[in-house]
Amino acid sequence: MRKHSLMAVAGISVSVLALAACGSNSTASGGSSAPAAKPKVGVILPDSASSARWETNDRGFLKAAFDAAGVDSDIQNANGDVAKFQSIADQMINEKVNVLLIVNLDSASGAAVQTKAKAAGIPTVDYDRLTLGGSASYYVSFDNVAVGTAIGTGLVKCLGDQGHKTGAVIELDGSPTDNNATLFKQGYNKAITDAGYTVAAEQAVPGWDNVKGGTIFEQLFSAHKDIVGVASANDGLGGAAEAILAKNGVAGRILVTGQDATDEGLQRVLEGTQCLTVYKAIKKEADAASAIAIALAKKDTAAADALATGSVDDSTVAGRSVKSVLLIPAPIYAANVKDVVADGFTSAAKLCTTAALKAACTKYGVS
């Protein structure tokens, strides 16, 4: 997938509010008629196990934006089940939602849903993950190669700080059916190998399943105990790897990575067992996606096009380019965990929960 351009996000929230204005209906004789039915957006989130973000952050941010714009919403979670994902989509399409915003579980099932929606005249928006071979009109996400690059350059920095100028690492990749995982790996693999480190072993984790991730990592680590670091594709997998390293008495000496800035990931960064996490300002992503969905629900394609000033090519379909908004991620080390708290994404109360973490929070100004 080739990225053409990035979009600045200043003003997205203002755009959401601007789209909230609705005129009243009137009859030809000047009297008031019954108000028209509110436009409605259907949202399908992928799961609640791979990352806490979907239920903890995305659901609330999306609903708040739709409510503020006077747009009804139906937000459901597929809980990692493709059949349930398709069933939810069928229900929403049959109910004739005005727009369908999805986070696919895999491109094949996502594309099938989008084909049904298109046949019903319902526009679709890919949220966070591009559906390869799909027919979404718009795509809103982060620059996912940049997320992976931040993971890789962060690990290289931490290894250098530990005195490891060379050495081997294990790459614990995300789900093989998630295009984002492919892009993350592209970014961190290049950063790691360009810096002169070798990859001792790598394996994808089906469905981003953290339990499977721990099992896979334990097998890899048993065969490659001389590694100096682990490039884990998100905080959940980073935690799974760290647990195995702790069991072997080397947590903190062999560092893991992650992304999503989960509370657990941030705590490990403060404790010194995770090199870094990557913060993706999910509210900005949700605001950008909801602004486009609101415009489409109100049949204002011009407004949606104005918001999506970038484009991304679908590597599986010649000539397919999707109008896009791509946001910029931020690497988070112990020294700038406080920035995530200052942004309102989490709180010191959630992070500084033990004596050791309270000491680290004091040291790094987390309050």
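Buried here means under 20% relative accessible area and exposed over 50%, with partly exposed in between (1.4 Å probe, protein chains only). The model is a predicted one, so local features need pLDDT of at least 70 and side-chain atom pairs count only at pLDDT 80 or more, while totals for chains, interfaces and linings use all residues. Residues are numbered from 1 along each chain as its sequence is written, and side-chain values use heavy atoms, with hydrogens and water left out.

By that yardstick, A318 counts as exposed because its relative accessibility is 82%. A318 sits in the loop between β10 (310-313) and β11 (321-327); helices (H or I, at least four residues) and strands (E, at least two) are DSSP runs, numbered from the N terminus. In sequence A318 is 185 residues away from G133, yet C-alpha to C-alpha the two are 9.8 Å apart. K299 is another exposed loop residue, at 70% relative accessibility, and lies between α10 (282-297) and α11 (301-307). Although not a glycine, K299 has a positive phi of about 60°.

Next come the empty spaces. A cavity is a set of points on a 1 Å grid over the protein atoms alone where a 1.4 Å probe fits but cannot get out; a pocket is an open set with protein on both sides within 12 Å along at least five of seven lines, and lining residues have an atom within 4 Å of a point. Grid points are joined across faces, edges and corners, and a volume is the space filled by probe spheres set on the points.

The largest pocket comes out at about 310 Å³. Its lining has 18 residues, with D47, G80, L105, G207 and W208 closest to the centre. Sorted by class, that lining holds 5 nonpolar, 7 polar and 6 charged residues (Ala, Val, Leu, Ile, Met, Phe, Trp, Tyr, Cys and Pro count as nonpolar, Asp, Glu, Lys and Arg as charged, and the others, Gly among them, as polar).

As for cavities, the whole structure yields 1 of 30 Å³ or more. The largest cavity holds about 120 Å³ of space. It is lined by 14 residues, and W54, R129, W208, Q259 and D260 lie nearest its centre. Both α2 (53-68) and α6 give two or more residues to this lining.

W208 thus turns up by the centre of the pocket and of the cavity. W208 belongs to the loop between β7 (198-204) and α7 (210-223), and is buried, with a relative accessible area of 5%. Its phi is positive, about 55°, although W208 is not a glycine. Among the residues in contact with W208 (heavy atoms within 4.5 Å) is S50, which also touches G207, N210 and N234. S50, in the loop between β1 (40-45) and α2, has a side-chain polar contact of 2.8 Å with the side chain of D47. A polar contact is a pair of N or O atoms within 3.5 Å; within protein, one must be able to donate a hydrogen and the other to accept it, and residues adjacent in sequence count only if both atoms are side-chain atoms.

Helix α2 also contains D58, which counts as buried at 0% relative accessibility. Beyond its neighbours within four places in sequence, D58 is in contact with L45, R53, Y127, I282 and E285.
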